[in-house]
Amino acid sequence: LAGRASVPVEPRPLIRSTHLLPQKRVLMSGGPQIIDIAPGGEHFVYNALDPDRSLFLRSMDSVTEKPIPTGLTSVMPFFSPDGQSIGYVDAQTNQIKRVGVNGGPAMVVATWPDLDIPRGATWGVDGTVLYALSSGIWRVSENGGEPEHVIATKAGETAYGPRLLPGGEWILFTLARGVGTSRWDEADIVVESPTSGERRVVRTGGSDARYVPTGHLVYALGDTLYAVPFDLGSLKESGRPVPVVEGVRRSANTGIGTGAAFYAISTGGTLIYVPDDDGASSGQSAMLVWTGLDGRQEALDLPRGSYNHPRLSPDGRWLAFERREAERADVWVKEVSGTTAMRRLTEGGNNRYPVWSGDSAYVAFQSDRDGDGAIFRQRADGAAPAERLTTPEPGSRHVPESWARTGDRLAFSVQAGSPVELWMWTLADRTSRRFGSVQSNGLFNSTFSPDGQWVAYTQRGSGAALYVAAVRSPDTRYQLGQDADSAHHPLWFPDGRRLFYFAATSPMVVDFTAQPTVAIGRPAPLVNLPVNVSPQTELNHDIAPDGSRFVTISTGSLGENGQSQDQIITVLNWFEELKRLVPSP
């Protein structure tokens, strides 16, 4: 047999497929990781907003999926090394928990302080769970116990997505600095040894990296996955990075400190990811749609794009929104009637979070054009340069949230990690003052009542609670719903006598009367409204001035009945393509 020629091994064929989520089930795209695949590739889990459940398990050999009964506040799922358990974050209790893929009682693995948010978690082959908080990276046994602070971060630094490298000595993670919207594309991908404290920068520019068994480092930059050969011995790149997958959805919420790209890779080479453009790869991720109270949806006359924070002017004539192009965010305006094309309003730096003045003449927004996250205002017709309104302290940023119809004050969140504070800028003296003593672990999503006398806001801690406070007496406040409701994202109806909000993921409406005394009605569900919003996300919807419909963002496609659908792409044998595109030295 010595002279027998060897038979070449044929590469396994790539098999691509699309998993279409049921209508009204929306992927939870605002925060950290929302999908993961078992190391063996036999099933994957995803985090979606649904009237009844949050985590869903899909087996590769099945055409159906099953909900994981962990509750609506379950986020950030990740698999155990054997694929038989799922770890997740319970946002209501500030805990990491684990549950079997076949169900059963959940077990608490770790608890962290209030007013903090995990930034990625993974389950290592060494039997420990790594997770990132504002203080750095922590490690805890898969069976629970006292967490260990293994990597500390400095002021102004944010760690994301810790992963244990083979050998168990080094931890791979992303380290971002500052508070700008581009910080994750400018971040460092680093490795650090908890034993020696040595840190090495692997590359600058990119985030959410992971090492795969082919000897590559895969990471995200913009909406593209890149791969580069990586030597575990020297902990250095051994080649040039190459784009390998385009059109991967990223987290829509940079405000909570996440560099997440929505993809996962099994050890055997199956890739799953969430496409950002209806399954295509152009980098245009979403569309703006009208959503009626009857559930019908209609796309606005706008191209698909990377949209956030749509806001309708009080006179109902204009729509302002944030649009991201070529890694830069700007505020644009569009006439609702559709008679004119959309127009970019801002220039210079990244410009986000538009809010309208009460007379519909100005748009306030956050900008880092001068190196900080300050609030500016600009005439909506573009007739005058932008004017600075606030000056943040170093290391913090200001996020405008609501401008009173009376024009005399602007509510904004002050964010410098956790906790976040609620402040007011007043027109009379052009100064800012803190609004009461409330703190939150995320943006307040505050909104003025139409008469400007009340402010509704979300306070995030162990879960989310919704309050209405008097403008003249900020510590006089009234809670809407109960703590168990996880109430969030309030909007006033134009009549000023009702509020729209979410209880967990269910849209609700409640009566509110201020005269002669404050009276709060019984909340009622809006059962036909197909808008699902997580307590952790930013405010990405607005109500029309006549109260008849909402403007919302859809990241899927509109089905035959006028409702959007999300999807997840699976690629079997993806390592064959990876090795072809990025050969190892």
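Visitor: How many helices and strands does the chain have?
Guide: This is a predicted model. Strands fill the list of elements here, with a lone helix beside them. The count is one helix and 53 strands.

Visitor: What is the radius of gyration of the chain?
Guide: The globule rule gives 25 Å for 585 residues. The chain comes close to that, so it is as compact as a globular protein of that length. Its radius of gyration is 24 Å.

Visitor: What does the C-alpha trace span along its principal axes?
Guide: Three spans describe the trace, one for each principal axis. They come to about 95 × 50 × 50 Å.

Visitor: What share of the contacts in the chain links residues 24 or more positions apart?
Guide: Start with burial: of the 585 residues, 58% count as buried. Now take the contacts with a separation of 6 or more. Residues 24 or more positions apart account for 46%.

Visitor: How many cavities of 30 Å³ or more are there, and how much space lies in the largest?
Guide: The count of cavities at this cut-off is six. The largest cavity holds about 430 Å³.

Visitor: Which strand gives the most to the lining of the largest cavity?
Guide: The lining has 24 residues, and Leu312, Ser402, Arg405, Thr447 and Asp542 lie nearest the centre. Strands E28, E32, E36, E40, E44 and E49 each supply at least two residues. One of them gives three residues, the most of any: E36.

Visitor: How does the lining of the largest cavity divide by class?
Guide: Four of its residues are charged, and five are polar. The nonpolar residues number 15.

Visitor: Is E28 largely enclosed or not, and how many of its residues are buried?
Guide: E28 covers residues 306-312 and helps to line the largest cavity. Buried means under 20% relative accessible area. E28 is largely enclosed by the rest of the structure, because its buried residues number seven of seven.

Visitor: Which residue in the turn between E28 and E29 has a positive phi?
Guide: E28 and E29 run antiparallel, joined by five bridges. Arginine 311 stands opposite alanine 320 in E29. The two strands form a hairpin with five residues between them. In that turn, a positive phi of about 75° belongs to glycine 316.

Visitor: Is serine 446 buried or exposed?
Guide: Serine 446 sits in the loop between E39 and E40. Away from its sequence neighbours, it is in contact with residues including Glu401, Ser402 and Tyr457. Its relative accessibility is 1%, so serine 446 counts as buried.

Visitor: How far apart are the C-alpha atoms of serine 446 and proline 490?
Guide: Along the chain, 44 residues separate serine 446 from proline 490. In space, the distance between their C-alpha atoms is 7.4 Å.

Visitor: What is the volume of the second largest pocket?
Guide: Its lining has 38 residues, and Trp123, Arg163, Leu164, Tyr211 and Thr267 lie nearest the centre. Strands giving two or more residues include E3, E7, E11 and E15. By class, the lining has 23 nonpolar, 10 polar and five charged residues. The volume is about 840 Å³.

Visitor: Which residue in the hairpin of E8 and E9 takes a positive phi?
Guide: Six bridges join E8 to E9, and the two run antiparallel. Aspartate 90 has glutamine 95 as its bridge partner in E9. The hairpin has four residues between its strands. The one with a positive phi, near 60°, is asparagine 94.

Visitor: Which residue in E10 is the bridge partner of glutamine 95?
Guide: Five of the six residues of E9 are buried, so this strand is largely enclosed by the rest of the structure. E9 pairs with E10 through five bridges, running antiparallel. A hairpin of two residues joins them. The E10 partner of glutamine 95 is threonine 111.

Visitor: What is the relative accessible area of glycine 103?
Guide: Glycine 103 lies in E10. Its C-alpha is 33 Å from that of leucine 480, which is 377 residues away in sequence. Partly exposed means between 20% and 50%. Glycine 103 is partly exposed, at 30%.

Note on methods:
Residues are numbered from 1 along each chain as its sequence is written. This is a predicted model: local features need pLDDT of at least 70, side-chain atom pairs count only at pLDDT 80 or more; totals for chains, interfaces and linings use all residues. Side-chain values use heavy atoms; hydrogens and water are left out. On a 1 Å grid over the protein atoms alone, a cavity is a set of points where a 1.4 Å probe fits but cannot get out, and a pocket is an open set with protein on both sides within 12 Å along at least five of seven lines; lining residues have an atom within 4 Å of a point. Grid points are joined across faces, edges and corners, and a volume is the space filled by probe spheres set on the points. Ala, Val, Leu, Ile, Met, Phe, Trp, Tyr, Cys and Pro count as nonpolar, Asp, Glu, Lys and Arg as charged, and the others, Gly among them, as polar. Buried means under 20% relative accessible area, exposed over 50%, partly exposed in between (1.4 Å probe, protein chains only). Two strands pair if DSSP finds at least two bridges between them. The radius of gyration is taken over C-alpha atoms; the globule rule is 2.2 Å times the number of residues to the power 0.38. Contact means heavy atoms within 4.5 Å. Lists of a residue's contacts leave out its neighbours within four places in sequence.
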